[in-house]
Amino acid sequence: MLRAKAPSHFIPRQISFEKSGATLNPNNPNQNQSLSGKLLYLLKQCVSTKELKQIHTQMLINFIHKPNFLLPKIIDLKDFTYASTLFSHIPEPNDYAFNVMIRGLTTTWHKYSLTLGFYYRMKSLCLMPDNFTYPFLFIACWNLSELNHGRAAHSSVFKTGLDRDGHVSHSLITMYAMCGELCFARKVFDEISQRDLVSWNSMVSGYSKMGRAGDAVGLFREMRDSGYEPNEMTLVSVLGACGDLGDLSLGRWVEDFVVEKKLQLNSYLGSALIGMYGKCGDLCSARRVFDSMTKKDRVTWNAMITGYAQNGMSDEAMVLFDGMKEAGVIPDKITLVGMLSACASIGALDLGKWIDTYASERDFQHDIYVATALVDMYAKCGSLGNALRIFEDMPQKNEVSWNAMISALAFHGRAYEAISLFERMTGEDGTARPNDITFVGVLSACVHVGLVDEGRRLFNLMSSSFGLVPKVEHYSCMVDLLSRAGRVNEAWDFIKKMPEKPDEVTLGALLGACRKCGNVDVTEQVVQLLLELEPSNSGNYVISSKIYERLKMWDDSARMRVLMRQKGVSKTPGCSWMETENQLHEFHAGDNSVEISHVLKLLYVDLKDEGYIPNINSL
């Protein structure tokens with residue numbers, strides 16, 4: 001390595017090139033060698049493209065050709081145009097120049113298609129890709145989901161013996177895992193004769209990221225049994241798996257391990273701990289970790305806000321969001337998605353509108369995740385027009401986007417529009433394909449307006465046209481649809497055909513229908529199943545008691561009330577929220593608020609004036 005001391009007239013940051021003595025002679029090797037060393041020293045020190053261009057100019061003037069020194073520095077300064085131009089002027093680029101460009105295209109500019117292009121161009125020039133080429137090529141392959149190119153490269157790796165190289169093997173594991181080919185990833189892992197910690201981390205991370213949480217935890221235990229001590233990367237992957245599994249015990253072990261080994265609780269590890277506790281529903285522990293962190297970046301704040309939002313603690317999420325802004329941390333897309341979920345949960349429309357404006361100002365409104373969260377928020381807050389506006393303005397839509405809008409229309413009783421949107425989804429360019437959630441939405445639309453025949457058609461369409469197996473949610477929709485149409489016996493037959501036991505939602509829908517039509521036989525069978533599933537749900541006892549009461553089966557009605565008291569079940573009071581002047585107010589049935597009582601009296605008067613007569617038999 002050249003360690004020439006820079007002379008006084010070479011000043012970094014403000015470079016001045018002076019000639020001393022005789023005119024520079026390109027035919028004088030000693031003079032050129034001396035200048036070359038000085039320029040390479042300055043090249044190493046420069047921190048801007050402007051300085052780099054000055055050095056490059058002096059090299060050109062003095063016939064000093066050092067493209068392989070210039071190229072890495074240009075990539076470090078992230079100037080894509082400059083790097084591309086320089087590379088194109090190299091008469092015969094060698095494997096080093098190609099590797100440097102492939103690295104820059106992959107990790108600096110994320111231009112993965114160009115990475116593939118440079119790799120094939122390199123091979124066309126009979127240059128041999130090596131262990132510095134393939135890891136970046138495999139990164140490009142999984143980011144592009146180009147598994148065929150990855151497999152072809154794997155074949156080349158095997159032929160050249162590079163499959164024994166650790167970096168190449170680890171990148172292969174990651175590529176196969178991120179492309180969903182976990183069997184091939186595991187095969188590569190199993191064929192590594194001498195595994196190190198990176199080998200284990202690559203496979204554990206692959207399992208964790210692709211939703212194979214059980215396998216991730218299992219391999220982690222196997223890794224520990226083999227004598228390897230986990231590092232930060234291992235622990236973050238395992239914490240993700242613990243969250244997915246709800247394995248609070250192992251998650252707490254990880255935190256104890258961090259404390260015991262005195263590992264730094266940085267943003268990466270701290271956010272993973274917060275996320276794990278959030279997914280496991282232990283928000284107290286999540287907040288404890290959050291509060292213990294001396295440095296909180298945006299990722300840390302997002303993890304805590306998301307934890308609150310996912311666990312229905314919307315008020316806490318909003319308070320934390322205000323704290324994030326006060327701390328000077330700028331919200332990003334993930335923050336907005338979490339906050340929009342919180343707004344949707346409690347109908348905080350004003351804050352949702354503020355987030356919509358904020359997203360537009362930051363050019364986030366066309367991000368597919370933010371836009372979908374906005375659609376969901378507006379729909380759940382009752383502003384369907386705004387939900388449709390956001391949806392139609394989206395430049396790209398995925399399955400989640402379509403599902404959010406279809407479900408929104410269904411929820412608001414606009415069944416025909418929901419079905420029309422479903423048909424549009426299946427008929428457009430094919431980028432989004434209906435899934436389980438899509439059919440829950442469109443079947444719910446049929447339920448709202450009683451489209452029994454259309455519901456049957458859509459239910460059958462799931463398996464016949466889309467290869468989907470109906471789940472309990474779809475059966476629940478069909479039972480609800482048939483129940484509302486008064487076809488109680490058909491609904492009960494439908495339940496008996498279900499591939500798994502019905503849940504409380506399905507049975508609750510049928511019990512509600514039994515209440516209307518007074519079908520005692522089905523009622524008794526449904527009540528028996530419901531009391532096994534939800535022995536503490538007061539609604540099951542109350543509804544069944546009222547069904548017996550309507551049929552003048554007084555003993556059975558009294559029996560349900562007695563059973564309710566014997567089991568210590570009390571009726572849960574109703575609860576509502578109202579938002580006025582950016583403030584959310586919560587009140588329960590039986591509240592003695594003067595203001596609420598006054599408003600209710602006014603509503604009763606308006607209802608009476610409109611000719612409304614309450615149906616006390618349905619109570």
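Q: Does Lys333 count as buried, partly exposed or exposed, and at what relative accessibility?
A: This is a predicted model, and the value here is computed from it. Partly exposed covers the range between under 20% and over 50% relative accessible area. Lys333 falls in that range, so Lys333 counts as partly exposed, with a relative accessibility of 36%.

Q: Which residue forms a salt bridge with Lys333?
A: The closest N and O atoms of the pair are 3.4 Å apart, and a salt bridge needs them within 4 Å. Lys333 lies in helix H19, while the partner sits in the loop between helix H20 and helix H21, so the pair ties together parts that are 34 residues apart in sequence. That partner counts as buried, at 16% relative accessibility. The residue is Asp367.

Q: How many residues apart in sequence are Arg424 and Glu392?
A: Their side chains meet in a salt bridge, with 3.0 Å from N to O. Arg424 is in helix H24 and Glu392 in helix H22, so the pair links distant parts of the chain, and the separation is 32 residues.

Q: Which helix holds both Arg457 and Glu454?
A: The two side chains meet in a salt bridge at 2.7 Å, N to O. The residues are 3 apart, about one turn of the helix. Arg457 counts as partly exposed, at 35% relative accessibility. Both lie in helix H26.

Q: Is helix H7 roughly parallel or roughly antiparallel to helix H9?
A: The axes of H7 (residues 134–144) and H9 (residues 166–178) come within 9 Å and cross at roughly 5°. Angles under 35 degrees count as roughly parallel. That makes H7, relative to H9, roughly parallel.

Q: How many residues of the contact of H7 with H9 are nonpolar?
A: H7 contributes Tyr134, Pro135, Phe138, Cys141 and Trp142, and H9 contributes residues including Val168, Leu172, Met175 and Met178. The contact has 3 polar residues and no charged ones. The nonpolar count is 9.

Q: Which cysteine has the sulfur nearest to that of Cys242, and how far away is it?
A: The structure holds 0 disulfides. A disulfide would need two sulfur atoms within 2.5 Å, and Cys242 is in none. The nearest cysteine sulfur is that of Cys280, at 7.0 Å.

Q: Is Cys242 buried or exposed?
A: Buried means under 20% relative accessible area. Cys242 has a value of 0%, whereas Cys284 is exposed at 68%. Cys242 is therefore buried.

How values were computed. Residues numbered from 1 in each chain as written. Predicted model: local features only at pLDDT ≥ 70, side-chain atom pairs only at ≥ 80, totals over all residues. Heavy atoms only, no water. Axes fitted to C-alpha atoms, helices over the stretch in contact; angles between N-to-C directions. Helix = DSSP H or I, 4+ residues; strand = E, 2+ residues; numbered from the N terminus. Parallel < 35°, antiparallel > 145°, perpendicular 65-115°, else oblique. Contact = heavy atoms within 4.5 Å. Nonpolar A, V, L, I, M, F, W, Y, C, P; charged D, E, K, R; others polar. Buried < 20%, exposed > 50% of the residue type's maximum accessible area, 1.4 Å probe, protein only.
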